[in-house]
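Ready for some practice in reading a protein structure? Work through each exercise with the sequence and the 3D view open, and try it yourself before you read the solution.

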Amino acid sequence: MAGLHDDHGARVGLPDLRERLLGPLRAHRFGHGEFEATGGSDAEADVLAAIRERAGEVHERLVHENEVFAVEFVGSTGGGKTKLIEELLERAPADERVGAVVGDVAGEDDATRLREYGIPVENINTGKECHLDPDGVDSALSAFDLEALDTLYVENVGNMVCPADFPLGTSLRVLVVSTTEGGDVVGKHPLLVQAADAAVVNKIDLAEAVGTDLDRVRGDIHEVAPEIPVFETNAKAGTGVDDLAAFLMARRENYTGHTHQ
């Protein structure tokens with residue numbers, strides 16, 4: 001096996017390769033003071049810079065101008081993102097004013113489910129696009145009275161690849177993976193894991209039935225993004241959701257008035 005080598009012909013080890021691949025993703029996150037892109041071609045850098053600039057404008061509008069705590073949920077179709085949001089709505093304090101933006105390639109089944117909770121919901125159909133982008137979210141925000149919101153949940157299109165390159169300007173990004181996706185789901189999608197602020201392993205009740213090794217999933221998340229908290233849930237039964245809700249509430253309270261350097 002020839003292996004991978006750098007520009008000087010030196011062999012590139014896996015830790016170094018991982019850092020080269022994952023490093024630029026750190027620049028995509030918001031609320032962490034890291035906005036500078038590194039590596040890649042000039043054209044790629046220009047595109048990423050434009051995306052970050054638009055996401056920054058959305059972040060400014062949502063968080064700084066209107067003090068809305070915005071949480072993006074990313075993950076595959078069928079992983080349980082909508083059910084987790086429903087469970088969070090069930091646990092929301094009576095005085096918390098919540099809205100949601102839901103992205104899907106077609107239809108508005110998920111948006112319809114969330115509207116049943118009596119909250120304002122905007123649905124975005126992306127057609128051939130496999131992810132939301134800052135422009136789409138910004139347009140959807142026009143339908144809300146942002147001054148009347150405390151929290152906005154943004155459910156991205158089901159996809160474990162493309163959203164990693166498209167920050168939306170939210171306060172936090174929560175990755176949702178399901179045990180039904182297999183024990184190697186994290187190892188196959190390290191970029192999105194590394195671009196998240198927290199991870200949820202959902203459908204833990206099905207792990208044994210589908211042959212997924214939860215220890216491997218935990219270990220892979222720790223390997224790829226050791227700094228992010230991990231929550232294990234069975235959203236259908238509500239198991240583990242209280243811990244996620246408490247985490248988000250704490251982050252919301254600490255997030256008010258934050259600044260960027």
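**Exercise 1.** Decide whether V74 is buried or exposed in this predicted model, and find what surrounds V74.

*Solution.*
- Step 1. Look at the accessibility: V74 has a relative accessibility of 0%, and buried means under 20%, so V74 counts as buried.
- Step 2. Place V74 in the fold: V74 belongs to strand β1, which covers residues 69–75.
- Step 3. List the neighbours. Setting aside residues within four places in sequence, V74 is in contact with K81, N156, P163, R173, V174, L175, V176 and L192.
- Step 4. Compare sequence with space: V74 and G158 are 84 residues apart in sequence, yet their C-alpha atoms are 6.9 Å apart.

**Exercise 2.** Check the length of helix α10 and work out where its buried residues sit.

*Solution.*
- Step 1. Count: α10 runs over residues 241–255 and has 15 residues.
- Step 2. Take one less than the number of residues and multiply by 1.5 Å, which gives an expected span of 21 Å. The end C-alpha atoms of α10 are 21 Å apart, so the two values agree.
- Step 3. Pick out the buried residues of α10: V241, L244, A245, F247, L248 and Y255. These residues cover an arc of only 160° around the axis, so they lie on the same side of α10.
- Step 4. Turn to the face away from that buried side, where the exposed residues D243, E253 and N254 are carried.
- Step 5. Ask what covers the buried residues of α10; the cover includes α2, β1, α3, β5, β6 and β7.

**Exercise 3.** Do the same for helix α9: which of its residues are buried, and how are they arranged?

*Solution.*
- Step 1. In α9, residues 214–224, the buried residues are L214, V217, D220, I221 and V224.
- Step 2. Viewed down the axis of α9, these buried residues fall within an arc of 130°, so they line one face of the helix.
- Step 3. The exposed residues D215 and H222 are on the other side of α9.

**Exercise 4.** Explore the largest nonpolar core: which of its residues touch the most other members?

*Solution.*
- Step 1. The core has 45 residues, and those touching the most other members are L62, F73, L152, Y153 and L248.
- Step 2. The element that gives the most to this core is α10, with 6 residues.
- Step 3. Zoom in on Y153. Leaving out residues up to four places away in sequence, Y153 touches V71, F73, I85, L88, L89, V98, G99, A100 and V101.
- Step 4. Apart from this core lies another one, of 19 residues, including M160, L175, V177 and A207.

**Exercise 5.** Describe the surroundings of strand β6 and how it pairs with other strands.

*Solution.*
- Step 1. Of the 5 residues of β6, 5 are buried, so β6 is largely enclosed by the rest of the structure.
- Step 2. Sort the side chains: A198, V200 and N202 point one way, while A199 and V201 point the other way.
- Step 3. Strands β5 and β6 run parallel and are joined by 5 bridges. Here V176 stands opposite V200.
- Step 4. Strands β6 and β7 also run parallel, joined by 3 bridges. In this pair A199 stands opposite V230.

**Exercise 6.** Follow the chain from β2 to β3 and find the handedness of the crossover.

*Solution.*
- Step 1. β2 (residues 98–104) and β3 (residues 121–125) form a parallel pair over 5 bridges, with V102 opposite N123.
- Step 2. Between these strands the chain passes through helix α4, residues 109–115, and the β-α-β crossover is right-handed.
- Step 3. Stop at A106, in the loop between β2 and α4. A106 has a relative accessible area of 58%; exposed means over 50%, so A106 is exposed.

**Exercise 7.** Say where the residues E67 and K203, each with a positive phi, are found.

*Solution.*
- Step 1. Recall the background: most residues other than glycine have a negative phi.
- Step 2. E67 has a positive phi of about 55°. E67 sits in the loop between α2 and β1 and, at 59% relative accessibility, counts as exposed.
- Step 3. K203 has a phi near 60°. K203 sits in the loop between β6 and α8 and, at 23% relative accessibility, counts as partly exposed.

Terms used. Residues are numbered from 1 along each chain as its sequence is written. This is a predicted model: local features need pLDDT of at least 70, side-chain atom pairs count only at pLDDT 80 or more; totals for chains, interfaces and linings use all residues. Side-chain values use heavy atoms; hydrogens and water are left out. Helices (H or I, at least four residues) and strands (E, at least two) are DSSP runs, numbered from the N terminus. Buried means under 20% relative accessible area, exposed over 50%, partly exposed in between (1.4 Å probe, protein chains only). Contact means heavy atoms within 4.5 Å. The arc is that of the directions from the helix axis to the C-beta atoms. A nonpolar core is a set of buried Ala, Val, Leu, Ile, Met, Phe, Trp, Tyr and Cys residues joined through side-chain atoms within 4.5 Å. Two strands pair if DSSP finds at least two bridges between them. A crossover is right-handed if, with the strands pointing away from the viewer, the path from the first strand over the helix to the second runs clockwise.
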